[in-house]
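Biologist: I'm new to this structure and would rather get to know one part well than skim the lot. Please pick a stretch near the end of the chain and walk me through it slowly.

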Amino acid sequence: MKINETQRLSVVSQYQTQQSMQRTGKAPMKKDEVSISAEAKEMLNAQQSQDPARTERIQALKHAVSTGTYKVEADKIAEKLMPYFRPKA
């Protein structure tokens, strides 16, 4: 029989939990907590109150991409990439 490290660790963890329950009389409570910063809340509010024209444009782009009718404009992409490939003076 092969015993690996993960099997031993789970047994030890179970034993420790059982011992803790016997000492205190109740199971240890684990609690997760999430807090959202004020900046994140502001960003969420700003995102939700977008310009209707922008929202419509985004929906149109999503539809074009999902249907496969979106055309990539190579000239515009090349213009944006050129500053990264030009040697600096």
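Modeller: What follows is a close look at helix α4 and the nonpolar patch it helps to make.

First, some ground rules. This is a predicted model, so local features need pLDDT of at least 70 and side-chain atom pairs count only at pLDDT 80 or more, while totals for chains, interfaces and linings use all residues. Residues are numbered from 1 along each chain as its sequence is written, and side-chain values use heavy atoms, leaving out hydrogens and water. The pLDDT itself is the predictor's confidence in each residue, from 0 to 100. In the protein chain, α4 has the highest confidence, with a mean of 92, whereas helix α1 (residues 5-24) has the lowest, at 70.

Now the setting. The protein chain has four helices and zero strands (DSSP runs of H or I, at least four residues, and of E, at least two, numbered from the N terminus). Of its 89 residues, 1% count as buried; buried means under 20% relative accessible area, exposed over 50% and partly exposed in between, with a 1.4 Å probe and protein chains only.

Before our helix comes α3, residues 52-67. Just after α3, Gly68 takes a positive phi of about 85°. Tyr70 sits in the loop between α3 and α4, and counts as partly exposed because its relative accessible area is 44%.

Then α4 itself, residues 74-85. Its twelve residues should span 16 Å at 1.5 Å a residue, and its end C-alpha atoms are 16 Å apart, so the two agree; the expected span is 1.5 Å times one less than the number of residues. α4 is hardly covered, with zero buried residues among its twelve.

What does that uncovered helix help to make? Four residues of the nonpolar patch come from α4, its largest share. The patch is made by Val65, Tyr70, Val72, Ile77, Leu81, Tyr84 and Phe85, and has an area of about 800 Å² (Shrake-Rupley, 1.4 Å probe; for residues, only the protein chains shown count as cover). Patch members have over 30% relative accessible area and no salt bridge; nonpolar side chains (Val, Leu, Ile, Met, Phe, Trp, Tyr) are joined within 5 Å, like charges within 9 Å.

There's a charged contact here too: Glu73 and Lys76 meet in a salt bridge at 3.3 Å, N to O (a side-chain nitrogen of Lys or Arg within 4 Å of a carboxyl oxygen of Asp or Glu). Glu73 counts as partly exposed because its relative accessibility is 45%, while Lys76, at 52%, counts as exposed.
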